[in-house]
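Hi everyone, thanks for making time today. I'd like to walk you through a structure that is new to most of us, so let's bring it up on the screen.

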Amino acid sequence: MDLRNGSITLGEILKHPGARALVEREFPGLLRHPLAGSFMGMTLNRALALLGGRIPRERIKTLLEALKAL
């Protein structure tokens with residue numbers, strides 16, 4: 001998957017079935033959160049910036065590599 005240097009939106013990522021499954025596996029329940037829909041237009045870079053260290057860097061790196069491999 002081409003993440004377009006982080007400019008891809010979360011909604012675009014989640015349209016890909018493999019990416020959606022990956023996110024659901026790595027972050028169970030996240031996509032069922034009441035506010036999840038409001039973040040679909042957010043870019044990947046913005047979402048990562050908002051995480052502000054709440055998720056270990058290595059876990060993010062692994063997720064991004066897996067998304068790129070799709």
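Before we start, a word on terms: the helices I'll mention are DSSP runs of at least four residues, numbered from the N terminus. Also, please keep in mind that this is a predicted model.

Let's begin with the largest pocket. It holds about 660 Å³ of space, and 24 residues line it. Nearest its centre lie Leu10, Leu30, Phe39, Ala47 and Leu51. Which helix gives the most to this lining? That is H3, with five residues. Helix H1 (10-15), helix H3 (44-51) and helix H4 (57-69) each bring at least two residues to the lining. As for chemistry, the lining splits into 22 nonpolar residues, one polar and one charged.

Now let's turn to the largest nonpolar core, which has 18 residues. Those with the most contacts inside this core are Leu3, Leu10, Ile13, Leu44, Leu64 and Leu67. Two or more residues come from each of H1, helix H2 (17-26), H3 and H4. Here H4 gives the most, with four residues.

You'll have heard Leu10 come up in both parts, so let's look there. Leucine 10 sits in helix H1. Setting aside neighbours within four places in sequence, leucine 10 is in contact with Phe39, Met40, Met42, Leu44 and Ala47. Its C-alpha atom is 9.8 Å from that of glycine 37, although the two are 27 residues apart along the chain.

And what does leucine 44 contact, again leaving aside neighbours within four places in sequence? The list is Leu3, Gly6, Ile8, Leu10, Ile13 and Leu64. Thanks for listening!

Methods:
Residues numbered from 1 in each chain as written. Predicted model: local features only at pLDDT ≥ 70, side-chain atom pairs only at ≥ 80, totals over all residues. Heavy atoms only, no water. 1 Å grid on protein atoms, 1.4 Å probe; cavity = no way out; pocket = protein on both sides within 12 Å on 5 of 7 lines; lining within 4 Å. Points joined across faces, edges and corners; volume = space filled by probe spheres on them. Nonpolar A, V, L, I, M, F, W, Y, C, P; charged D, E, K, R; others polar. Contact = heavy atoms within 4.5 Å. Core = buried A, V, L, I, M, F, W, Y, C linked by side-chain atoms within 4.5 Å. Buried < 20%, exposed > 50% of the residue type's maximum accessible area, 1.4 Å probe, protein only.
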